[in-house]
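Subject: Structure for you to look at

Hi,

Here is the structure I said I would pass on. Have a look at it first, and then read on for what turned up.

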Amino acid sequence: MLEGLTHLLFPAVCTLCQKPLDKGEEPICAGCFDEFNPFPGALAGSAALKSTVRAHFGERAVPPAACSLYPYQSSGKLHEAMHSMKYGGLFPLGELFGRRLGELLRQGGDPAPFDAIVPVPLHSLKRIERTYNQAEVIARGMAEVLGLPVATKCIERCLYTGSQTGLGMEARRDNMAGAFRPGRERCPARVLLVDDVLTTGATMVAAAEALKTAGAAEVAFATVALTEKE
């Protein structure tokens, strides 16, 4: 009764369209989720992500496995959702994206080849600015589905870099040069590197190199979204 009264007085609404949420819809309604237009399947998202990395960094940088949920553009409902998650502190949305990404990975194959999930780390100063690392929240959501540990101390971000938004490929690569280094703990052999959005792959390629220095033999990539040409 108390729960029903609370909902009546303070109804839960969709973060994006402000319509009341139905049971099980949190924090985004099903209608807005439908507008995100996911890749048609695990193989399509994997192929698109690998193709993007290959185009910018060559075959050697392509991960052995990859997964992405949505094509991404800098406008529309998905952009609003990603912005709210990254800068608005919308933790439940990050966890929800992580669970959906974990489910997609599970549909595409056995998650057993991975020993741990590693979120792309933030520099300590940037973490203070944002109050949390959205990649860690996504990783926790994935861990719920895949039953894998989340390793946050394998690598660390040692350079404070500006936003990658609006930068070209060369500038992104220069921005990430030397940005990561091995952390306090040795890295497991087979890891799944996780971030929110991949544009050219500069951040994840640099992080993967640091993970291999830290002991990883294989580094797969997983992102919620993959920027497409507009």
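Let me start at the tail end: Lys229 counts as exposed, because its relative accessible area is 84%. That residue sits in the segment after S6. In sequence Lys229 and Pro71 are 158 residues apart, yet their C-alpha atoms are 9.5 Å apart in space. Before you read too much into any of this, bear in mind that the model is predicted.

**Overall picture**

The protein chain has nine helices and six strands. It runs to 230 residues, of which 47% count as buried. If you take the contacts with a separation of 6 or more, 73% of them come from residues 24 or more positions apart.

**The sheet**

Four strands make up an open sheet, paired in parallel and ordered S1-S6-S5-S2. At the edges you will find S1 (66-72) and S2 (116-119), each of which pairs on one side only. On average, neighbouring strands here are turned by 20° against each other, direction ignored.

If you want to look at one pairing in detail, try S2 with S5 (residues 190-198): the two run parallel and are joined by four bridges. Within that pairing, Ala116 stands opposite Val191 of S5.

There is also a salt bridge to look at around here, between the side chains of Asp115 and Arg190, at 2.8 Å from N to O. Asp115 lies in the loop between H5 (91-108) and S2, while Arg190 belongs to S5, so the pair ties together parts that are 75 residues apart in sequence. Both partners are partly exposed: Asp115 has a relative accessible area of 27%, and Arg190 comes in at 34%.

**Helix H4**

H4 (residues 77-87) lies across S1, S5 and S6 (218-227), and runs at about 115° to S1. Its buried residues are Lys77, Leu78, Ala81, Met82 and Met85. These cover an arc of only 130° around the axis, so they end up on the same side of H4. The spacing makes sense if you recall that an α-helix has 3.6 residues a turn, so residues three or four places apart point the same way.

What do the buried residues of H4 pack against? The list is H2, S1, H5, H7 (134-146), S5 and S6. Just after the helix, Gly89 takes a positive phi of about 65°.

**Salt bridges**

The structure holds six salt bridges. Besides the Asp115 pair, one of them joins Glu35 to Lys77, with the closest N and O atoms 3.5 Å apart. That one links distant parts of the chain: Glu35 is in the loop between H2 (30-34) and H3 (42-57), and Lys77 is in H4, 42 residues apart. Lys77 is among the buried residues of H4, whereas Glu35 counts as partly exposed because its relative accessibility is 47%.

Arg54 and Glu59 form another, with their side chains meeting at 2.6 Å from N to O. Arg54 is partly exposed at 36%, and Glu59, at 52% relative accessibility, counts as exposed.

**The nonpolar cores**

As general background, nonpolar side chains in soluble globular proteins tend to be buried together. In this model the largest nonpolar core has 41 residues, and the members touching the most others are Ile28, Phe36, Phe97, Ile117, Met142 and Leu192. H2, S1, H4, H5, H7, S5 and S6 each supply at least two of its residues. H7 gives the most, with seven residues.

Phe36 is a good one to click on. Leaving aside neighbours within four places in sequence, Phe36 is in contact with Leu16, Ile28, Tyr70, Lys77, Leu78, Ala81 and Phe97. Three of the H4 residues listed as buried turn up there, namely Lys77, Leu78 and Ala81.

A second, separate core has 30 residues, including Phe39, Val205, Ala210 and Ala216.

That is what I have for now. Let me know what you make of it.

Cheers

Notes
Residues numbered from 1 in each chain as written. Predicted model: local features only at pLDDT ≥ 70, side-chain atom pairs only at ≥ 80, totals over all residues. Heavy atoms only, no water. Pairing = 2+ DSSP bridges. Axes fitted to C-alpha atoms, helices over the stretch in contact; angles between N-to-C directions. Contact = heavy atoms within 4.5 Å. Salt bridge = Lys/Arg side-chain N within 4 Å of Asp/Glu carboxyl O. Buried < 20%, exposed > 50% of the residue type's maximum accessible area, 1.4 Å probe, protein only. Arc of directions from axis to C-beta. Core = buried A, V, L, I, M, F, W, Y, C linked by side-chain atoms within 4.5 Å.
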